[in-house]
Amino acid sequence: MRQLLSSLFSYLCDHNAVLHNPVLGVNRPPSMNRDGVTPALGDDQARLLLNAPPANTLKGKRDRAMLAVLVYHGIRREELCKLTVGDIQSRQGVVHLRIEGKREKVRYLPLAVVAQRLIDEYRAALRKATSGKAEAERGDADAHDDKDAPLFRPVKNNVSGALMKPLTGSAVWHMVKSYAKQIGIADIAPRIGVHAMRAMAATNALEHEADIAKVQQWLGHADISTTRIYDKRQQRPEDSPTFKVWY
């Protein structure tokens, strides 16, 4: 109950609905401190990761598009895997991603311009790759434009040959780890993974003055206290007293 009241009044304070938090400072039940568990990538690291996949192969174009969707929208890997072609939708004249989150809750996120460009490049390359006679005879050349077709799919399948299926969460995780190792950040951030990009997106949005309640909705968090984990504005290294010490 104390945790619930604290979260409630914190939310009300953020929205200027109350002048102060009456339960501020009240001892709360012990809980696991998740601060710092998931590393948030820095801007330079994010750019390196986005540019890691080759730009001249179908797999590279697909991976660049997937990384951009993760980095610019902070979605979970399961949400990424669920995306279909029909989940790219125009709403009020703006292209959005329809995201199906936990407990089948749906939210709509404006699609970042960079991500949209990379998705378009990937889908163009996919059409070209599936335009051969053998593919066309099986109907695969047109199937990827079906609204229910997976947006991101395998580029090869050595077991069954079937490609018209969504990627697995495990495949996305291994993809991120592979590129993290390639650019040299896997060792300095051993917990790097898809969630690190979610953390980075949230932290970056908050540092650029996004409203924390909007970030909560954007991430699909049920409780704003979860969103607060990503708010590092009071913990920026450059503001540390360490850099004020002179001898």
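**A three-stranded sheet among eleven helices**

Strand S1 (residues 88-91) and strand S2 (residues 94-100) run antiparallel and are joined by four bridges. One of the pairings places Arg91 with its bridge partner Val94 in S2. Two residues lie between the strands of this hairpin, and Gln92 takes a positive phi near 55 degrees there. The model examined here is a predicted one, and the description moves outward from this hairpin to the rest of the sheet, then to a helix pair and the salt bridges.

S2 continues the pattern on its other partner: five bridges join S2 to S3, again in antiparallel fashion. Two positions help to fix the register for anyone following along in the viewer. Leu97 stands opposite Leu109 in S3, and Ile99 has Arg107 as its bridge partner in S3. The connection between S2 and S3 is also a hairpin, with five residues between the strands. In that turn, Arg103 has a positive phi of about 55 degrees.

Taken together, the three strands form an open sheet in the order S1-S2-S3, with antiparallel pairing. S1 and strand S3 (106-110) are the edge strands, each pairing on one side only. Ignoring direction, neighbouring strands of this sheet are turned by 40 degrees against each other on average.

Which residues of S3 point to the buried face, and which to the other? The side chains alternate along the strand: Arg107 and Leu109 point to one face and are buried. Val106, Tyr108 and Pro110 point to the other face and are not buried. The two buried residues are also the ones encountered above, Leu109 standing opposite Leu97 and Arg107 being the bridge partner of Ile99.

The wider setting of the sheet is helical. The protein chain holds eleven helices and three strands, and from the N terminus on its elements run α-α-α-α-β-β-β-α-α-α-α-α-α-α. Of its 247 residues, 40% count as buried. Among contacts with a separation of 6 or more, 55% come from residues 24 or more positions apart.

One helix pair illustrates how such elements meet. The axes of helix H3 (residues 58-73) and helix H8 (residues 169-182) come within 11 Å and cross at roughly 95 degrees. The two helices are therefore roughly perpendicular to each other. On the H3 side the contact is made by Lys59, Asp63, Met66, Leu67 and Leu70, and on the H8 side by Val172, Met175, Val176 and Tyr179. By character, these residues divide into seven nonpolar, no polar and two charged.

Charged residues of H3 lead on to the salt bridges. Side chains of opposite charge can pair when their charged atoms come close. A search of the whole structure finds nine salt bridges, and several can be placed in context. Lys59, Arg62 and Asp63 are linked in a network of salt bridges. Within this network, the side chains of Asp63 and Arg62 meet at 2.8 Å, N to O. Both Asp63 and Arg62 are buried. Lys59 and Asp63 also take part in the contact of H3 with H8, which ties the network to the helix crossing.

Is the salt-bridge partner Asp44 buried or exposed? The side chains of Arg47 and Asp44 meet in a salt bridge of 2.4 Å, N to O. These residues are three apart in helix H2 (residues 43-51), so about one helical turn separates them. At 55% relative accessibility, Asp44 counts as exposed, whereas Arg47 is partly exposed, with a relative accessible area of 48%.

A further pair sits in helix H5 (residues 113-129), where Glu121 and Arg117 lie four residues apart, about one turn of the helix. Their side chains meet in a salt bridge of 3.3 Å, N to O. Both partners are partly exposed: the relative accessible area is 34% for Glu121 and 44% for Arg117. The pair in H3 contrasts with this one, as Asp63 and Arg62 are both buried.

Methods: Residues are numbered from 1 along each chain as its sequence is written. This is a predicted model: local features need pLDDT of at least 70, side-chain atom pairs count only at pLDDT 80 or more; totals for chains, interfaces and linings use all residues. Side-chain values use heavy atoms; hydrogens and water are left out. Two strands pair if DSSP finds at least two bridges between them. Axes are lines fitted to C-alpha atoms, for helices over the stretch in contact, and angles run from 0 to 180 degrees between N-to-C directions. Angles under 35 degrees count as roughly parallel, over 145 as roughly antiparallel, 65 to 115 as roughly perpendicular and the rest as oblique. Contact means heavy atoms within 4.5 Å. Ala, Val, Leu, Ile, Met, Phe, Trp, Tyr, Cys and Pro count as nonpolar, Asp, Glu, Lys and Arg as charged, and the others, Gly among them, as polar. A salt bridge is a side-chain nitrogen of Lys or Arg within 4 Å of a carboxyl oxygen of Asp or Glu. Buried means under 20% relative accessible area, exposed over 50%, partly exposed in between (1.4 Å probe, protein chains only).
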